[in-house]
Amino acid sequence: MTETRMIQTLNYYLSEHPSIVGFRWTDSQSWGNTWVFLFISISSYIILSVFLHLFLLLIFRHRRPLPLGPIPAVHSLSMALISFTIFAGILLSSAAEIRDTRWFWRRYKTTPFQWLLCFPIGTRPSGRVFFWSYIFYLSRFLHTLRTFFTIIRRRKLSFYQLFNHSILIFMSFLWLEFSQSFQVLGIILTTSIYSVVYGYRFWTAVGLPSKCFHFVNHCQIVLLSCNVICHIGVLLLHFLRGGCNGIGAWVLNSVLNGAILFFFLNYYVKLHLEKKRKIGAAKQMLKHKDN
């Protein structure tokens, strides 16, 4: 009985609360929903990152890492919990939306899975799933803190990291602004992967053993591969089912995802080649010692 009541309570606060059901992507209800805010926030993120990087290079000539104490671990744990909450919330909210709109599936001869990939033309950014899409959009700003951790600890400014975080904030905004198709599955996939990734980062940050050096990169490959498959599904449904809502934003989203995939693969290949070079150098040193 207690477990049932706990499940009902969680379901209420994650999918049936009035603030979730009655959500609207408007100026009065949604902080940060203007184009001006979007461009100012992304520009500020890039400028602050570059400034901090140059400032630390001027102040500290050495490149020894500066300690941040438990801050990265706390951030990783917080992001893991936030990602899991969004994952659970949008999963329950999607189930509730499907339950409440069964008449829609019969009338238009569609399936819940097709709705997850392709919103009907005329969909407005309101209701349960868009509430969690909005929370996901806000969480993207918390992800950017990792850039500052990297700059402070390693004195390193990564173009890929700046580009990736900026584009993901921009894409999350497009999802809401244009009620873009695919976003439900996109959020489910991203938050499930990020729950694991940030959980792993917390695990290693507190000093527990790391079993796989490239675990985070492998998770990123899985996420990007799933995104590519889902984008193909959206394209097929758009032409076969008479159109998907927000297809213009989806096209831009696809281009930006392609750019992220290109930069990530470029980074991954360089990392792999660097690893092979180090292994080769180590083997050469061992040969010289044996001789």
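**Close-up 1. Cysteine 244 in the predicted model.** Cysteine 244 has a relative accessible area of 2% and is therefore buried. This legend and those that follow describe a predicted model. Cysteine 244 forms a disulfide with cysteine 118. Cysteine 118 also counts as buried, at 10% relative accessibility.

**Close-up 2. The disulfide between cysteine 118 and cysteine 244.** A disulfide is a covalent bond between the sulfur atoms of two cysteines. In this pair the sulfur atoms of cysteine 118 and cysteine 244 lie 1.9 Å apart. The bond links distant parts of the chain, with the two positions 126 residues apart in numbering. Cysteine 118 sits in the loop between helix H6 (112–117) and helix H7 (128–143), and cysteine 244 in the loop between helix H11 (215–240) and helix H12 (247–290). The torsion about the S-S bond is about -110 degrees, so the disulfide is left-handed. The count comes to one disulfide.

**Close-up 3. Cysteine 226 and cysteine 230, without a bond.** The closest cysteine sulfur to that of cysteine 226 belongs to cysteine 230, 6.6 Å away, which is too far for a bond. A disulfide needs the sulfur atoms to be within 2.5 Å. Cysteine 226 is partly exposed, with a relative accessible area of 26%, whereas cysteine 230 is buried at 13%.

**Close-up 4. A nonpolar surface patch with Phe55.** Phe51, Phe55, Leu58 and Ile59 make a nonpolar surface patch of about 440 Å². Phenylalanine 55 belongs to helix H3, which covers residues 35–59. With a relative accessible area of 40%, phenylalanine 55 is partly exposed.

Terms used. Residues are numbered from 1 along each chain as its sequence is written. This is a predicted model: local features need pLDDT of at least 70, side-chain atom pairs count only at pLDDT 80 or more; totals for chains, interfaces and linings use all residues. Side-chain values use heavy atoms; hydrogens and water are left out. Patches are made of residues with over 30% relative accessible area and no salt bridge: like charges are joined within 9 Å, nonpolar side chains (Val, Leu, Ile, Met, Phe, Trp, Tyr) within 5 Å. Accessible areas come from the Shrake-Rupley method with a 1.4 Å probe; for residues, only the protein chains shown count as cover. A salt bridge is a side-chain nitrogen of Lys or Arg within 4 Å of a carboxyl oxygen of Asp or Glu. Helices (H or I, at least four residues) and strands (E, at least two) are DSSP runs, numbered from the N terminus. Buried means under 20% relative accessible area, exposed over 50%, partly exposed in between (1.4 Å probe, protein chains only).
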